[in-house]
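Biologist: I want each label on this model justified. Give me the value, then the cut-off, then the verdict.

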Amino acid sequence: MQRIGWLDSSRGLAILMLILIHYVGALETRDIISEDVMLGVKAVLRVATPFFILIFGFTFFTIFSRKVESMSDVSFLYKKLASKIFYIFLARELIVLISAFRYEYVSENLMNILLYRETSGSGEILTFYMLALAVSPLVLHFVKALNPLWLLCIAVIVYGFGYAVGSNFEHLRETILFRLFFYDVYPFFPFYGLVLLGFFFSKMYSHWSADRHRTIFFLSVSLVSILCSFFIFMRTSGDVLRVLANAGLKAPPAVSYMLLYIGVVIIIVLINAYLIQRSLVPEWIVDVLNTVGRNSLLAYVLHYTLFLSSFFIYFVFGYASKVLEISAFLIMILFLYSILIFAERPSSRKK
């Protein structure tokens with residue numbers, strides 16, 4: 001299958017948004033931007049989770065749908081993915097250990113979090129990723145031959161089931177399995193509906209060979225999705241922007257949250273694909289996005305060390321200022337990016 005040129009950069013963009021949402025709040029606490037502006041920025045960056053999950057579903061179906069024809073193919077794919085699933089587990093554990101140096105709750109409950117007796121406030125999207133990767137080969141085998149509309153219906157049913165369970169049964173919300181599968185900020189079942197939607201989008205992308213037809217379809221889906229979310233928000237009381245910014249609709253992910261950000265993801269991907277295909281983006285930016293996209297797991301783990309920039313400042317200078325903090329943060333980003341480049345070298349030599 002011909003490589004989709006904008007896919008790596010879209011994945012890289014999703015990872016960068018996931019990273020930014022963890023650190024952008026520092027701009028407000030240091031009086032660099034106002035609270036009102038920060039609410040808008042955070043509300044936009046909340047698209048990162050649906051973005052990452054949709055791209056995962058799209059990519060998985062695009063790469064493996066033609067390689068899984070029988071149960072023996074499923075078994076072979078599991079053998080191929082076993083090491084990656086294990087690395088994701090190790091990455092989650094490493095993030096928990098790093099977070100223990102920063103968050104008191106994590107340090108006090110470290111063993112329980114490492115053993116999945118408790119959930120962590122950091123890195124649990126990797127738990128979702130690990131579970132999704134563990135079930136997707138089998139799911140792919142059963143749904144790949146379905147009519148796209150049936151696949152869309154299954155995606156809606158899986159999401160609806162997960163959201164309905166997570167929205168009720170409040171007495172179960174302290175149970176670890178209930179939180180992981182239905183309730184916490186990355187509950188498996190509601191968000192796996194997004195993976196299946198990514199499968200559906202991949203099917204529809206392959207259905208047309210002309211980019212014009214693809215653009216019309218995806219743009220139509222995006223506009224309908226966003227308009228439906230606005231209709232729901234208009235009937236919702238409270239400060240919607242603040243609720244979105246603070247992830248108030250994410251545990252479990254509400255219908256309005258899903259519709260809005262599905263539409264926004266499609267817009268972002270369409271713009272990204274258009275700019276890249278027309279060579280309207282500087283090549284170095286595309287290279288950065290592609291590098292992050294191809295090394296998304298490593299990039300996500302490494303970004304949890306960015307908080308060390310503050311300790312570095314105090315260790316070297318004994319005091320902190322806005323200029324020093326920003327400078328140290330940028331230096332850390334460049335250093336971590338150099339690690340990503342170095343990590344690609346062995347694979348580049350094999351090619």
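**Labels and their grounds**

Modeller: Start with Asn295. Leaving out neighbours within four places in sequence, Asn295 is in contact with Leu340, Ala343 and Glu344. Contact here means heavy atoms within 4.5 Å.

Biologist: What kind of model is it, and which pLDDT limits apply?

Modeller: The model is predicted: local features need pLDDT of at least 70, side-chain atom pairs count only at pLDDT 80 or more, and totals for chains, interfaces and linings use all residues. Residues are numbered from 1 along each chain as its sequence is written, and side-chain values use heavy atoms, with hydrogens and water left out.

Biologist: Why is Asn295 called buried?

Modeller: Its relative accessibility is 13%. Buried means under 20% relative accessible area, exposed over 50%, partly exposed in between (1.4 Å probe, protein chains only). Asn295 therefore counts as buried. The residue is in the loop between helix H15 (283-294) and helix H16 (296-302).

Biologist: What makes a stretch a helix, and how many helices and strands does the chain have?

Modeller: Helices (H or I, at least four residues) and strands (E, at least two) are DSSP runs, numbered from the N terminus. By that count the chain has 18 helices and 0 strands.

Biologist: How do you know whether the chain is as compact as a globular protein of its length?

Modeller: Compare two numbers. The radius of gyration, taken over C-alpha atoms, is set against the globule rule, 2.2 Å times the number of residues to the power 0.38. The chain has 21 Å, and the rule gives 20 Å for 351 residues. These are close, so the chain is as compact as a globular protein of that length. Its C-alpha trace spans about 65 × 55 × 40 Å along the principal axes. Buried residues are 47% of the 351. Of the contacts with a separation of 6 or more, 76% join residues 24 or more positions apart.

Biologist: Which residues of helix H3 are buried, and what makes them one face?

Modeller: H3 covers residues 35-45, and its buried residues are Met38, Leu39, Lys42, Ala43 and Leu45. Down the helix axis they fall within an arc of 160°, so they line one face. The arc is that of the directions from the helix axis to the C-beta atoms. The general reason is that an α-helix has 3.6 residues a turn, so residues three or four places apart point the same way. Exposed Asp36 and Val44 are on the face of H3 turned away from its buried side. The buried residues of H3 pack against helix H1 (7-23), helix H2 (25-29), helix H4 (48-64), helix H13 (240-245) and helix H14 (255-277).

Biologist: What makes the phi of Tyr116 worth a remark?

Modeller: Phi of Tyr116 is near 60°, a positive value in a residue other than glycine. Most residues other than glycine have a negative phi, and most peptide bonds are trans. Tyr116 sits in the loop between helix H7 (110-114) and helix H8 (124-143). At 18% relative accessibility, Tyr116 is under the cut-off and counts as buried. Beyond four places in sequence, its contacts include Phe89, Arg92, Glu93 and Ile176. Tyr116 and Ile176 are 60 residues apart in sequence, with C-alpha atoms 7.5 Å apart.

Biologist: Where else is phi positive, and is that residue buried or exposed?

Modeller: Ser279, in the loop between H14 and H15, has phi near 55°. At 63% relative accessibility, Ser279 counts as exposed.

Biologist: Why is the peptide bond from Ala251 to Pro252 worth listing?

Modeller: The bond is cis, with omega near -10°. Pro252 is in the loop between H13 and H14.

Biologist: Why is Trp150 called exposed?

Modeller: Its relative accessibility is 58%, over the 50% limit, so Trp150 counts as exposed. Trp150 belongs to helix H9 (residues 148-167). Trp150 and Ala210 are 60 residues apart along the chain, and their C-alpha atoms are separated by 24 Å.

Biologist: And Ile4, before H1: buried or exposed?

Modeller: Buried, at 12% relative accessibility. Not counting residues up to four places away in sequence, Ile4 touches Phe58, Thr62 and Tyr205. Ile4 and Ala273 are 269 residues apart in sequence, yet 9.5 Å apart from C-alpha to C-alpha.
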